[in-house]
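This report describes selected features of a predicted model. Please consult the sequence and the structure below before reading on.

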Amino acid sequence: MDIEGEATYLESDEGGQNMKETQKNVSCTCACRGSSRYCGVLTTEDIRNHSWMTSDAAYECYVSYAKSVGFGVRKGDAARGKDGKYRRRRFFCNKAGHREEKYYNNPNRKREHKAETRTGCEAKLSIYLDESSSVWKVRKLVEEHNHELIPQCLVHLIPNHRRLTDANKAQTDTMIMHGLPTSQIMGYLVGQAGGYHRVGFSKKDLDNYIERSRRARIIGGDSNATIGYLSGKADLDPMAMARYSSTLEDRLGNLFWADGMSRADYQLFGDVLAFDTTYRKNKYKKPLVIFSGSNHHRQTCIFGFAVLEDESGPTYTWLLKNFLDVMLGKSPTVVVTDGDEGMKEGIANAFPNATHRLCGWHLHKNATSNIKDPTFCAEFKKCMYGKWHPDEFELRWAKMVDTFGLQNNEWVNIQYARKENWASSYLMDKFCAGFRTTSRCEGINNYVKTFINSHHCLLDLVTNLERAVRDYRNNEMVAQFKTIYGEPVLTTGLTNLERSAAEAYTKEIYRLVKKEIQAVVALELIEDRSISTTMIYKVYHHENRDRLYTVMYDRNDKNIECECKRWNSEGIPCRHMFCVMKREACKEIPEKLILKRWTKRAKHFSNETNVRQSEIEKERGFLMRFAALSVATTWMSFIGAQELPLFHHTMKEVCRLTREIETKTSKKQRTEEAPTQSIIGDPSVVKTKGAPKLKKDEKGRRKCKNCGKEGHTKRTCAISGKEETHAMNEELNTTIDEAKTHEMDPIVASQMSSIIGNTPPNEDVARDTNELNPRFSVVNCIPLISNNLNEIPQGSYRWMLQVMQNRMANK
């Protein structure tokens, strides 16, 4: 085979494994039969007659030869000249040499020994640098091995022949960035290569590469890398903000962050705020808090994230005050939580004027665990969600307490004292945007499980949560597209009112309003009286004439108020209002009854500005304008990216418009260096609340029926009956009394104590155990028990003591 140079038989791609077309005529002994371009075949004659421009090229050549034969290669010793350059190098079979004796004789070794792979093989390639021609030539080639060679079907598993190419690394980085787990990445790359024998590496190699990449990103510490990442986001998102605190040990304590869109969304939909804590979402076990609300499509929108040092009241106070500051001082009107004491303290300190609504699901669960009466739980649920007048609630509650005899129940009295925080009867005047539980928070917590886990560092947590937020915002864009893409079919018969609702509301809100319009057919109306321009109507359901709802309609202001107060709590007109609109022949829904946050134009900027504005109001206006432009440009980007000509036209116009706007303002695009961050240590692992996670051996362990202890059964119990128990106690008492005159080794004393500790309670034994000399020596205790081991019942205390004595005597 004629090989004239390095490039003749080796290509640079895929680590030098691919062969050029000149190699196709070489007979191949592997499964590919010479037809695979991934198989590189060389003979010893090829190597002996060849020279290389560099020593690394010679190494790659020998590796290629080793792969075709069935062994691995490792680099050996080398000699350098006075100029520091290599003059001689040697490459050995990976089974050359022997393992050092210190690895066999380590007395502190805990891990199992690795399999022996060194056999003293003499196979090698020795090369030298020819000074005259400046090329590397073969000095010696030994091809005999003292071990069996690896079959070709397994040669791809030899460590020396496994490597990730640059293309593999680039694909892996991209897929990791989008949240794919290692197993799926490996499966994709294997399918792409055509099998595990062709992919060129193992899953462990892929895991190692991902771990090295992760550690490289946090080389300066996890906390510093995370803070630096959040600070650097200001270049791409100038409205992003983050706050953090440090502990007394200069470790990261609390961390809160929110991007520009989250801050803008809060200005529009932050009237109702819900947050909850989820655990074990990072390796420090720091609780993760997610602030969320409901947008104009009744979808979940996220306002920010936080990881906390603990869940105390001062910690939540710090978090909520910083949240309020980042959100430009806008306080929510209603806050929904699960009733945690630390949260309640923080809400009272940061949002003193907000209504704190407790989660109905958690209250019902607590009722189930505290009262344990299904009938009471059903009645309690009715009291929670029933939209009654407060007087009617009081009557129903008193009747329920009397029926079940719970007048003195502490839990029931505590819940009654805070009824304003959970009973719908007292919350009908509070706009809650449909929130009655923290189920949305639970849904977010369940969704982010696909992005984060308990092994992630803080930097991974932050970057992966950004992907979760991106998915939520994409859902909003899809919902907006569905809202404006088509017109709904009008079916209620009240065409004008239904068309007015379809034009104003988003698709999801329109569905709710349509149900209210459809319910008008089951209502009947009584014109009661009129006061000036205000008409007062009584509305009732035709199947329940005892329940009347009073509706007032002002013909001048076109304003309607209903006793059911659904518009106050949910922001949509109720069926009683639509019944009055039908009677008054209204052509459209009055403007005062259309809440802007539920409309299609909820994110459109309204030019309602005052002449005098504070700095906070100016910044809040800027955030709302920023959100409006973001929505408009997002839709433009979606349309402009449909086809290539549209893309070029859109990009050209965007650049032109940007240059034109820059001439009218002093703002210019520039990249500012992030401020120097102080060095802060990584957080310590915190102890979260809730029931501890039991180990496998702690779950459902069987107990002995004889002694009641775990770890054995009645068949193997050392205590077989009361008589033997009494005899063992007296024997141990005698042993301990006689042992007082001797000195015991502390380690053996603890062993004796553990044996004595398994005996049944006995006052004499306990007293004598406390009086034992801690330096009592078991070596001097050997004459105390001299019975033959075979004569002692196996499993008894005498047998255990005798075994321990024999072991010490043998030493």
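## Pairing between β6 and β9

Leu255 has Val307 in β9 as its bridge partner. The two strands concerned, β6 (residues 252-258) and β9, are antiparallel and are paired over three bridges.

## The seven-stranded sheet

These strands belong to an open sheet of seven strands with mixed pairing, in the order β5-β6-β9-β8-β7-β10-β11. The edges are occupied by β5 (241-246) and β11; each has a single partner strand, so one side of each is left without a neighbour in the sheet. On average, and with direction ignored, neighbouring strands of the sheet are turned by 20 degrees against each other.

As a general matter, the strands of a sheet pair through backbone hydrogen bonds, in either a parallel or an antiparallel arrangement. The pairs described below include examples of antiparallel pairing, between β7 and β8, and of parallel pairing, between β10 and β11.

## Strand β8 and its neighbours

Is strand β8 (residues 288-294) mostly covered or mostly uncovered? The strand is mostly covered, with seven of its seven residues buried. On one side the buried residues are Leu288, Ile290, Ser292 and Ser294, and on the other they are Val289, Phe291 and Gly293, so that both faces are covered.

On one flank, strand β7 (residues 272-278) runs antiparallel to β8 and is joined to β8 by five bridges. Within β8, Leu288 stands opposite Thr278. Strand β9 (residues 300-307) also pairs with β8 in the antiparallel sense, here over seven bridges, and Ala306 in β9 is the bridge partner of Val289. β8 and β9 form a hairpin with five residues between them, and Arg298 in the turn has a positive phi of about 60 degrees.

## The β10-α11-β11 crossover

Strand β10 (residues 334-337) and β11 run parallel and are joined by four bridges. Thr337 has Leu358 in β11 as its bridge partner. Between the two strands the chain passes through helix α11 (residues 341-350), giving a right-handed β-α-β crossover. The helix α11 lies across β7, β10 and β11, and runs at about 145 degrees to β7.

Although β11 stands at an edge of the sheet, both faces of this strand (residues 355-358) are covered. Thr355 and Arg357 are buried on one side, as are His356 and Leu358 on the other.

## Ser223 in helix α8

Ser223 is part of helix α8 (residues 222-232). With a relative accessibility of 0%, Ser223 counts as buried. What does Ser223 touch, not counting residues up to four places away in sequence? The contacts are Leu252, Leu458, Ile680, Gly681, Asp682 and Pro683.

## Aromatic pairs and charges over rings

The model contains 25 aromatic pairs. In one of them, Tyr62 and Phe71 have ring centres 5.9 Å apart and planes at 65 degrees, so the pair is edge-to-face. Tyr62 is buried at 1% relative accessibility, and Phe71 is likewise buried, with a relative accessible area of 1%. One aromatic cluster is formed by Phe376, Phe380, Phe393, Trp397, Phe404, Trp411, Tyr416, Trp422 and Tyr426.

Positions of charged side chains over rings are also found. Lys75 lies over the face of Tyr59, at 4.7 Å from the ring centre. The charged end of Arg547 is placed over the ring of Tyr549, 4.4 Å from its centre.

Note on methods:
Residues numbered from 1 in each chain as written. Predicted model: local features only at pLDDT ≥ 70, side-chain atom pairs only at ≥ 80, totals over all residues. Heavy atoms only, no water. Phe/Tyr/Trp six-rings, centres within 6.5 Å; stacked < 30°, edge-to-face > 60°. Buried < 20%, exposed > 50% of the residue type's maximum accessible area, 1.4 Å probe, protein only. Lys NZ or Arg CZ within 6 Å of the ring centre and 35° of its normal. Pairing = 2+ DSSP bridges. Right-handed = clockwise from strand over helix to strand, strands pointing away. Contact = heavy atoms within 4.5 Å. Axes fitted to C-alpha atoms, helices over the stretch in contact; angles between N-to-C directions.
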